[in-house]
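Student: I'd like to go through this one with you, question by question. Can we start once it's on screen?

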Amino acid sequence: MKTFMGVGKGSTASAIDAAISGLVSPSMILFITSYESAAETAAKIYERFPNIPSIGTIGTKIANGMVGDQEIAVLGLYEDAKVSCGVIRNLSSCPVTSVKELEKKIQEVSPGKDNTVCIEFCTGFEERLVTTFHAALEAKGIQLAGGTVFGIPEGNEAVVAYNGKLYEDSCVYAIIKNTVGKVKVFKENIYKKSSQISHVATKVDVNSKALLELDGKPAATVYSQELDIPKEKIIDNVLKNPMGRVVGDQVFISSMRNLRSNGALENFKRINKNDCIYFLELGDYRKIEDEMRDMIRKEMKGISLVLSVDCIYRYLLYEQENYFTTYAKNMASLGTHIGVVSGGEQFNNQHVNQTMVCAVFE
């Protein structure tokens with residue numbers, strides 16, 4: 001699948017010019033920029049390519065081994081990618097009203113088996129969003145990979161971009177059909193169960209994503225006793241020992257973000273009552289990364305594009321370990337690579353934390 005990758009630095013105007021230099025007649029544009037440059041980037045790209053669908057997000061970007069916050073990265077797809085883009089509004093209230101429009105967008109690309117993916121970027125309310133997507137995507141066998149916007153200055157609303165405009169409380173998406181090969185989404189978890197001891201979420205507050213009790217006891221008490229971590233250190237320990245929600249044979253990470261005085265743990269991923277929960281520990285991430293790339297190479301032939309979403313907590317961990325630049329270069333070894341650091345990740349019908357998800361195109 002033919003692709004274009006461009007990166008620009010400097011003032012917003014000059015960065016955009018550099019990033020789109022050489023981009024001619026694309027079928028779609030995806031861009032990553034900073035919050036400060038988002039409005040101008042969205043508007044100028046739409047002005048230059050008024051009849052081409054474009055979506056954009058905000059955050060630290062990875063482009064062919066380069067990592068940066070201020071640069072603008074642009075991905076262009078061409079005629080061998082059949083694309084339909086859209087926006088889902090009102091995530092906080094009723095995103096399901098967008099299902100009919102989403103189904104129409106899906107029909108426009110005539111999805112086939114193993115060759116169609118939905119790439120999305122959202123401002124929050126991820127559980128409602130993945131439920132909305134699942135209702136439309138599952139019947140067609142379309143995979144999903146996406147991320148939650150991260151990098152918004154305090155006091156400002158998160159935004160995403162669609163066809164030249166910024167949207168709050170929204171999700172932008174692209175349904176992409178690869179007409180010359182397969183596409184597949186992958187999820188990478190660098191954590192493992194710290195023990196085989198499982199716990200049941202006996203009391204939760206789904207609105208605030210708070211886990212109140214495990215096994216009938218305050219969640220922080222159970223965490224502290226099993227891992228021998230003082231309660232006041234639990235949140236600081238999230239990079240080493242997050243929690244995991246078990247669904248079938250998979251573990252989906254839920255990151256702690258706040259400790260309440262009553263021992264409840266507020267999280268970035270919602271935990272539901274009666275969920276099976278394990279405490280996790282960091283694995284050999286370098287080995288896990290190598291094994292993941294080897295698996296991708298075996299399953300996907302002639303890789304033309306890797307589009308990834310990395311959690312901010314993975315970024316912080318890898319930065320502490322002086323590994324993130326190496327990681328970015330290793331991802332580029334697969335093929336053309338563009339990625340963004342997110343505040344949460346979406347993988348098929350699940351919202352996750354501390355995870356890498358990616359879509360790989362042949």
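## Charges over rings

Tutor: K2 sits over the face of Y78, 4.6 Å from the centre of the ring. Keep in mind that this is a predicted model.

Student: Over which ring does the charged end of R257 sit?

Tutor: Look for a lysine or arginine end within 6 Å of a ring centre. The charged end of R257 is 5.9 Å from the centre of its ring, so it makes that distance cut-off. The ring it sits over belongs to F268.

Student: On to pockets. How much space lies in the largest pocket, and which residues are closest to its centre?

Tutor: The space in the largest pocket comes to about 850 Å³. Its lining has 29 residues. The ones closest to the centre are T123, G124, F125, E126 and K209.

Student: Which element gives the most to the lining of the largest pocket?

Tutor: Two elements give two or more residues to that lining, helix 4 (126-137) and helix 7. The one that gives the most, with 3 residues, is helix 4.

Student: How do the residues of that lining divide into nonpolar, polar and charged?

Tutor: Glycine goes with the polar group in this scheme. With that settled, the lining of the largest pocket splits into 9 nonpolar, 11 polar and 9 charged residues.

Student: And the second largest pocket: which residues are closest to its centre?

Tutor: About 160 Å³ of space lies in the second largest pocket. Its lining has 13 residues, dividing into 5 nonpolar, 6 polar and 2 charged. Closest to the centre are G59, T60, D69, F150 and G151.

Student: Now strands. How many bridges join strand 18 to strand 19?

Tutor: Strand 18 covers residues 243-247 and strand 19 covers residues 250-254, and they run antiparallel. M243 has S254 as its bridge partner in strand 19, while G244 has I253. The number of bridges joining the two strands is 5.

Student: Which residue in the turn of that hairpin has a positive phi?

Tutor: The hairpin leaves 2 residues between strand 18 and strand 19. One in the turn has a positive phi of about 65°. That residue is G248.

Student: What is the bridge partner of V246 in strand 22?

Tutor: Strand 18 also pairs with strand 22 (residues 276-282), in the antiparallel sense, over 4 bridges. V246 has its partner there, and the partner is C276.

Student: Why is strand 19 largely enclosed by the rest of the structure?

Tutor: Buried here means under 20% relative accessible area. Strand 19 has 5 residues, and it is largely enclosed because the number of them that are buried is 4.

Student: Let's do helix 7. Which of its residues are buried?

Tutor: Helix 7 spans residues 312-320, and N322, which follows the helix, has a positive phi near 55°. The buried residues of helix 7 are I312, Y313, R314, Y315, L317 and Y318.

Student: Why is the pair of Y318 and F324 tilted?

Tutor: The count of aromatic pairs in the model is 10. For Y318 and F324 the ring centres are 6.4 Å apart, and the planes meet at 45°. Planes under 30 degrees apart would be stacked and over 60 edge-to-face, so the Y318 and F324 pair counts as tilted.

Student: F324 pairs with Y327 too. What is the angle between the planes of those rings?

Tutor: F324 and Y327 are 3 residues apart in helix 8 (residues 324-332), so about one helical turn separates them. F324 is buried at a relative accessible area of 1%, and Y327 is buried at 0%. The pair is tilted, with 5.4 Å centre to centre and an angle between the planes of 50°.

Student: Which residues do ring pairs link into a cluster?

Tutor: Y318, F324 and Y327 are among them. The full cluster is Y285, Y315, Y318, Y323, F324 and Y327.

Student: Last one: is E188 buried or exposed?

Tutor: E188 lies in strand 13 (residues 183-188). Its relative accessible area is 1%, and the cut-off is under 20%. So E188 counts as buried.

Conventions. Residues numbered from 1 in each chain as written. Predicted model: local features only at pLDDT ≥ 70, side-chain atom pairs only at ≥ 80, totals over all residues. Heavy atoms only, no water. Buried < 20%, exposed > 50% of the residue type's maximum accessible area, 1.4 Å probe, protein only. 1 Å grid on protein atoms, 1.4 Å probe; cavity = no way out; pocket = protein on both sides within 12 Å on 5 of 7 lines; lining within 4 Å. Points joined across faces, edges and corners; volume = space filled by probe spheres on them. Pairing = 2+ DSSP bridges. Phe/Tyr/Trp six-rings, centres within 6.5 Å; stacked < 30°, edge-to-face > 60°. Lys NZ or Arg CZ within 6 Å of the ring centre and 35° of its normal.
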